[in-house]
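Here are a few notes for someone opening this entry for the first time. They are best read with the structure in view.

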Amino acid sequence: MRVSQNPRVRNLGILAHVDAGKTTVTERILFLTGAVHKQGEVHDGTTVTDFDPQERERGITISSAAVSCSWADHRLTLIDTPGHVDFSDEVERALRVLDGAVAVFDAVAGVEPQSETVWRQADRHGVPRIAFVNKMDRAGADLDAAVDSIRVRLGAVPLPVQLPVGREDGFRGVVDLVRMRAHLWGEDGRTETGVPAALRDEAVRRRRALEEAVAELHADSLEEFCAAGALADGTLARALRELTLTGAAVVVLCGSAYRDRGVEPLLDAIVAFLPAPSDRPPVHGSGTAADPRAPLVALAFKVSAAATGRMTYVRVYEGALTTGATVLDTATGRRERISRILRVQADRTVDMPAAVAGEIVAVVGPKAVRAGATLCAPDAPVVLEPPVTADPVVSVAVEARRSADTDRLSTALARLAEEDPSLVVRTDPETGQTVLSGLGELHLEVAVERLRRDRGLEVAVGRPRVAYRETVVEGVTGLLYRHVKQDGGAGQFAHVVIDVEPLEGGEEFAFASAVTGGRVPQEYVRAVEAGCRDALAEGPLGGHPVTGVRVTLADGATHPRDSSEMAFRAAGRFALREALRASTLTLLEPVAEVTVTVPAESVGAVLGDLAARRGRVTDSAVRGGTSVVTATVPLAELFGYATRLRGRTQGRGAFTTRPAGYEALRG
């Protein structure tokens, strides 16, 4: 494995389902590393990373927050990400710039729905992870069950490297199976000892199982294991690191962050197993990863457009960023000047003269840089792939209560969309209303509350509406369209014949040409495809976007003088519109997977309510005296569900959701 050029830097995210304890884990890390001198608590509203008033009131993370600290001569930059599905776009942007991650799981619940979502996001970005099973002090906590859920629900290969000392309320430490040492916590803090006699046999058995699992996955370890019958501590540690970096396995640790137990070994594991910037592949085709001598390459992944000033968060991949430098924004072609470089501590900052490859910082000065833009040296332009932004599924109409505030509202909405690209602002062409769209009811609720608090605006909000789609059930064949215009001078001529059919597999659009003999030149074929894509914006049923369509250009004809790309684009647009009107279409609605946790005596009422909401139950299980029901429910039926669930369960029920795509509108 390549030796790291800057091995003492770790850029990592803390990922988890809501309420798994990731913010508490972050707070304990900051306290133990000396970054803060008082431990913050989520339930007290005193956390460092959840500094926004809404985060403290709601007890959830809404925006990703970056903090820096040091451990064992290593500089750690941590990003505490949201756990609620409505803010998964924040997780997506963070994962795009991180080198590694700690996935936090509840020791009772194991892998929960949003855990799966963020895990899949990390898979897409190839981010190496270690796992921390939190809340080992809770009644019903079970490390082995949590590890099994990682294996079954995530398809990962978990490698537990610790053995708990004590169960539930008696949890007091862990045995490190790599070094065969025990870490115990008491009133005087942590002590390190030999393995307790009562756990010796179990620790030896688990160490042996760990060695066997590693030997199966790691060629060098297999050779030593076969020759010596065991693995040396150093060999085991190196193999665990290499398996983590390749994603072949996931190291699993455990503890109770709330009770300050298990966090120091987690910090040691972050340093030992997660990658340095130079352990990651180069961000573009050539060069060396994290080379500070190369031309500048950086990615803007977050914009904070607060009233106090505009900050752009960037990850420096190559070269160095210096105060006063001029950089090129390849998304707009503008040159921007860097007036300040800041190391971020949540809502506090420290000025820096420069940032080198591998660092995550905030910059002040750029006025038009958006999230996803590449910043680079003006004489060495590079374009990096931006983070993917999810399509909004819920919309509300917003308007200023006072007509004098209309312009202020427009400015405030534009700033919100600049900070959060998953928020979309548009004007309804039929009603003239301003429509705000986002990823969920809570997402929009938080955005509207920011308008009220941060901008001092009184706004009226309409009832939430979901984003429907239209799709083809039965298409048409051989639809002919001739686009002919002659109004003096050069005319427009395009003749196309298209076939339209449903597209399976969840794809949005596919286009192919079956024209032979050069009857339609290739540049005109591309123009027809572009016109068809234009036509997908509004379907005939209700003006909703059209998805799941395959279009084949079957034939066509040109005019030697009047044909052009513009004419064929228009022909493609109008031909597909006519074809869609002649096809059989159906409406699609967004659906969500809902996981409801309720007391056993409330299951009947909950199932009845889900059925009334057009829900389809897909799973039901009993965990620790409570029932867990999973169902697929149309998103339109979930507005106000939290209040209804509390009423039906005397306040004891809870639920989580995650997007499950689109389905045909149910009757």
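The points below cover the nonpolar cores, one buried serine and one pair of helices.

1. The model is predicted, and the remarks that follow should be read with that in mind.

2. The largest nonpolar core has 51 residues, and those touching the most other members are V102, I130, V175, V214, L240 and I270. Helix α9, residues 263–273, is the biggest contributor to this core, giving seven residues. A second core, separate from this one, has 33 residues, including V393, A592, V606 and L645. In soluble globular proteins, nonpolar side chains tend to be buried together.

3. V175 deserves its own look. Leaving aside residues up to four places away in sequence, V175 touches V161, Q162, L163, V165, R181, A182, V195, P196, L199 and A203.

4. S115 sits in helix α4, which spans residues 113–125. Is S115 buried or exposed? With a relative accessible area of 4%, S115 is buried, because the cut-off for buried is under 20%. Beyond residues up to four places away in sequence, S115 touches H17 and F105.

5. Helix α10 (residues 406–419) packs against helix α11 (residues 441–454) at an angle of about 130 degrees, and their axes lie 11 Å apart. That angle makes α10 oblique to α11. The crossing of the two helices, α10 and α11, is right-handed.

6. On the α10 side of this contact are L409, A412, L413 and L416, which meet A447, R450 and L451 of α11. Sorted by class, the contact of α10 with α11 has six nonpolar residues, one charged residue and no polar ones.

Conventions: Residues numbered from 1 in each chain as written. Predicted model: local features only at pLDDT ≥ 70, side-chain atom pairs only at ≥ 80, totals over all residues. Heavy atoms only, no water. Axes fitted to C-alpha atoms, helices over the stretch in contact; angles between N-to-C directions. Helix = DSSP H or I, 4+ residues; strand = E, 2+ residues; numbered from the N terminus. Parallel < 35°, antiparallel > 145°, perpendicular 65-115°, else oblique. Left-handed = near helix turned anticlockwise from the far one by under 90°. Contact = heavy atoms within 4.5 Å. Nonpolar A, V, L, I, M, F, W, Y, C, P; charged D, E, K, R; others polar. Core = buried A, V, L, I, M, F, W, Y, C linked by side-chain atoms within 4.5 Å. Buried < 20%, exposed > 50% of the residue type's maximum accessible area, 1.4 Å probe, protein only.
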